[in-house]
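Here's a quick walk through one protein model, written with the bench in mind. Have a look at the sequence and structure first, then read on.

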Amino acid sequence: MADSSFDIVSKVDHQEAENALNQARKEIEQRYDFKGTGASVEWSGESVLIKASTEERAKAVLDVFQSKLIKRGISLKSLESGEPFASGKEFRILSTIKDGISSENAKKIGKIIRDEGPKSVKSQIQGDELRVQSKSRDDLQEVQRLLKAADLDVDLQFVNYR
C-alpha cells in the first residue's frame with residue numbers, strides 16, 4: 001500500500017488581501033473620526049503602508065485594516081506590523097503579509113511532528129512548505145490535530161491530502 005501524504009503550507013489569497021485593503025480605505029475615507037487626520041492605507045510594493053497625523057490614529061487605521069482582514073478570512077498571523085514611526089509631520093506603520101513558511105518555522109514544525117506525533121509519520125521540508133507522509137491516514141489526521149493545537153506564529157493550511 002502506498003504512503004498517504006499531505007502538504008503543510010502558509011498561503012495568503014492576495015486578491016482577498018487587496019479587497020480587505022480597499023474596504024479599509026473606503027471606511028477610513030467615510031468615518032468622521034478620521035476626517036482631516038491624513039489617515040490612509042495603501043500598498044507600497046509588497047508591503048502595506050499606513051499613514052496618519054498622530055500615532056493613535058495610525059494604530060486605529062491598522063485596527064480597521066486588521067478587522068477587514070479577519071472578515072475576509074485572512075489570519076492575523078499572516079500580518080506582520082512594525083511600530084509606528086514618525087516621518088516628517090505624520091506617523092507611519094509598515095506592515096507585510098507573510099506568505100510561505102520560513103525555514104526556521106518549518107524546522108519548529110518538523111520538530112513538533114518528530115517529538116509529539118505518531119512514530120510512523122515522516123516530514124520533509126520542500127522550499128516554503130512541508131510534506132508529511134505516513135502509511136496510516138489516522139496518523140496524518142493526528143498530526144493535523146497536533147499542529148492546530150500548537151501555538152505557532154504562522155497560519156497553516158493543509159493541502160494535497162492523498
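## Starting at F158

Let's begin with one aromatic side chain: F158 counts as partly exposed, because its relative accessibility is 22% and the cut-off for buried is under 20%. Bear in mind that this is a predicted model.

What does F158 pair with? A search of the whole structure turns up two aromatic pairs. In one of them, F6 and F158 meet edge-to-face, with 5.6 Å from centre to centre and 85° between the planes. That pair ties together distant parts of the chain: F6 belongs to strand 1 and F158 to strand 9 (residues 157-159), with the two positions 152 residues apart. Y161 joins in as well, so to speak, as F6, F158 and Y161 make up one aromatic cluster.

## F6 and a look across to Q141

Is F6 buried or exposed? F6 is buried, and its relative accessible area is 0%. So the pair brings together a buried ring, F6, and a partly exposed one, F158.

Now take Q141, which you'll find in helix 4. Q141 is 135 residues away from F6 in sequence, yet their C-alpha atoms are 9.8 Å apart in space. With 36% relative accessibility, Q141 falls in the partly exposed class.

## Helix 3, one side in and one side out

Helix 3 covers residues 103-116, and its length checks out nicely: 14 residues at 1.5 Å a residue should span 20 Å, and the end C-alpha atoms are indeed 20 Å apart.

Which residues of helix 3 are buried? They are N105, A106, I109, G110, I112 and I113. These residues sit on the same side of helix 3, because the arc they cover around the axis is only 155°. Turn to the other side of helix 3 and you meet E104, K107 and R114, which are exposed.

What do the buried residues of helix 3 pack against? Their partners are strand 1 (4-9), strand 7 (122-126), strand 8 (129-134) and helix 4 (137-149). Two of those names have come up already: strand 1 holds F6, and helix 4 holds Q141.

## S47 in strand 3

S47 has its place in strand 3, which takes in residues 47-52. This serine is buried, with a relative accessible area of 14%, and the cut-off is under 20%.

Which residues does S47 touch, once its neighbours within four places in sequence are set aside? S47 is in contact with E42, L94, S95 and T96.

## Zooming out

Stepping back to the whole protein, there are four helices and nine strands. Reading from the N terminus, the elements come in the order β-α-β-β-α-β-β-β-α-β-β-α-β.

How does the overall shape compare with a compact globule? For 162 residues, such a globule would have a radius of gyration near 15 Å, whereas this protein has 20 Å. Along the principal axes, the C-alpha atoms fill a box of roughly 65 × 25 × 25 Å.

A few totals round this off. Of the 162 residues, 39% count as buried. Among contacts with a separation of 6 or more, 60% come from residues 24 or more positions apart. The accessible surface is about 9,300 Å², and carbon and sulfur atoms account for 47% of that surface.

Conventions:
Residues are numbered from 1 along each chain as its sequence is written. This is a predicted model: local features need pLDDT of at least 70, side-chain atom pairs count only at pLDDT 80 or more; totals for chains, interfaces and linings use all residues. Side-chain values use heavy atoms; hydrogens and water are left out. The expected span of a helix is 1.5 Å times one less than its number of residues. Buried means under 20% relative accessible area, exposed over 50%, partly exposed in between (1.4 Å probe, protein chains only). The arc is that of the directions from the helix axis to the C-beta atoms. Contact means heavy atoms within 4.5 Å. The radius of gyration is taken over C-alpha atoms; the globule rule is 2.2 Å times the number of residues to the power 0.38. Accessible areas come from the Shrake-Rupley method with a 1.4 Å probe; for residues, only the protein chains shown count as cover. Rings of Phe, Tyr and Trp (its six-membered ring) pair if their centres lie within 6.5 Å; planes under 30 degrees apart count as stacked, over 60 as edge-to-face and the rest as tilted.
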